[in-house]
Amino acid sequence: MMKSALFASLLASAAAFAPVSKTSSSSVTLNNALSNEIGAQMPLGFFDPLGICQDEDKAKFDRLREYEIRHGRAAMLAVVGWLTTAAGVRLPGMEEVGAGFKALDMSSLPTDIRGTLPLTLGTIFFLTVFMQDATGENDFAGDYRNGFIDFGWDKQSDSWKERKRAIELNNGRAAQMGILGIMVHEQLGNLNAIGLPQP
């Protein structure tokens, strides 16, 4: 029984390396009109395994890209916040608040400290509602300046802007995976195995 199971697993692993006949089929990933958008970078190119943008609807793509940028920005803040609190940095009066998921358990803290969590969530909701392209002046999906804040962005070349947007997009993607990994490993109890302090 053991030998037949071993033989079957060897056969299955060898099949993974067997040559596959190449058939010509139209690929959404390679032929999509959106494949030249920022973020379609090596090694994956335009990666749409679920075919969400198969219809090549630019408005739908821009909406999804805006969500991706927004979640990436939140994830970058989350990673920096997690690492800051894990290093022991706290606001005055909040020295007893735990790090990671333990920060959600505030039952033993004074009422004024417990009010920070609902206040923070309310602020995030407020910013999400009002952080839109209210004036119609945005240059790209995720541009929330509304003709108010510039910091020299408009003076830069188009190639510089595209490079910075691609950097933000990739950093946001990495931060989303990073904070997800931190949260999973914290729940598994093995953050020390990946070089982070276990709260």
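**Cavities, pockets and helix α3**

The lining of the second largest cavity divides into 3 nonpolar, 3 polar and 4 charged residues. Here Ala, Val, Leu, Ile, Met, Phe, Trp, Tyr, Cys and Pro count as nonpolar, Asp, Glu, Lys and Arg as charged, and the others, Gly among them, as polar. The model is predicted: local features need pLDDT of at least 70, side-chain atom pairs count only at pLDDT 80 or more, and totals for chains, interfaces and linings use all residues. Residues are numbered from 1 along each chain as its sequence is written, and side-chain values use heavy atoms, with hydrogens and water left out.

The chain has 6 helices and 0 strands (DSSP runs numbered from the N terminus; H or I of at least four residues for helices, E of at least two for strands). From the N terminus on, its elements run α-α-α-α-α-α. The chain has 199 residues, of which 19% count as buried (under 20% relative accessible area, against over 50% for exposed and in between for partly exposed; 1.4 Å probe, protein chains only). Among contacts (heavy atoms within 4.5 Å) with a separation of 6 or more, 47% join residues 24 or more positions apart.

Helix α3 spans residues 58–86. From first C-alpha to last, the 29 residues of α3 reach 41 Å. That is close to the expected 42 Å (1.5 Å times one less than the number of residues). Asp57 caps the N-terminal end of α3. A side-chain oxygen of Asp57 lies 3.3 Å from the backbone nitrogen of Ala59. Gly88 follows α3 and has a positive phi, near 95°.

The buried residues of α3 are Phe61, Arg65, Glu66, Ile69, Gly72, Ala75, Val79 and Trp82. They pack against α6 (158–188). Glu66 belongs to α3. Glu66 counts as buried because its relative accessibility is 17%. Beyond its neighbours within four places in sequence, Glu66 is in contact with Gln132, Ala141, Gly142 and Tyr144.

Empty space was then mapped. Rolling a probe the size of a water molecule over the atoms shows where such space is left. On a 1 Å grid over the protein atoms alone, a cavity is a set of points where a 1.4 Å probe fits but cannot get out; a pocket is an open set with protein on both sides within 12 Å along at least five of seven lines; lining residues have an atom within 4 Å of a point. Points are joined across faces, edges and corners, and a volume is the space filled by probe spheres set on them.

The structure holds 2 cavities of 30 Å³ or more. The largest cavity has a volume of about 60 Å³. Its lining consists of Ile38, Arg65, Ile69, Arg165, Glu168 and Leu169. Two or more of these residues come from α3, and two or more from α6. The biggest contribution is that of α6, with 3 residues. By class, the lining of the largest cavity has 3 nonpolar, no polar and 3 charged residues.

The second largest cavity has a volume of about 30 Å³. Glu68, Ile69, Gly72, Arg73, Met76, Glu168, Leu169, Gly172, Arg173 and Gln176 line this cavity. Here too, α3 and α6 each supply at least two lining residues.

The largest pocket encloses about 1,500 Å³ of space. It is lined by 33 residues. Nearest its centre lie Leu77, Ala78, Gly81, Thr120 and Ile124. Helices α3, α5 (116–130) and α6 each give at least two residues to this lining. The largest share, 10 residues, comes from α3. The lining of the largest pocket divides into 20 nonpolar, 9 polar and 4 charged residues.

The second largest pocket has a volume of about 560 Å³. Of its 22 lining residues, Phe47, Asp48, Arg65, Glu68 and Arg173 are the closest to its centre. The elements giving two or more residues to this lining are α3 and α6. Again α3 has the largest share, here with 4 residues. By class, the lining of the second largest pocket has 13 nonpolar, 4 polar and 5 charged residues.

Technical notes: Polar contact = N/O pair within 3.5 Å; in protein donor to acceptor, adjacent residues only side chain to side chain.
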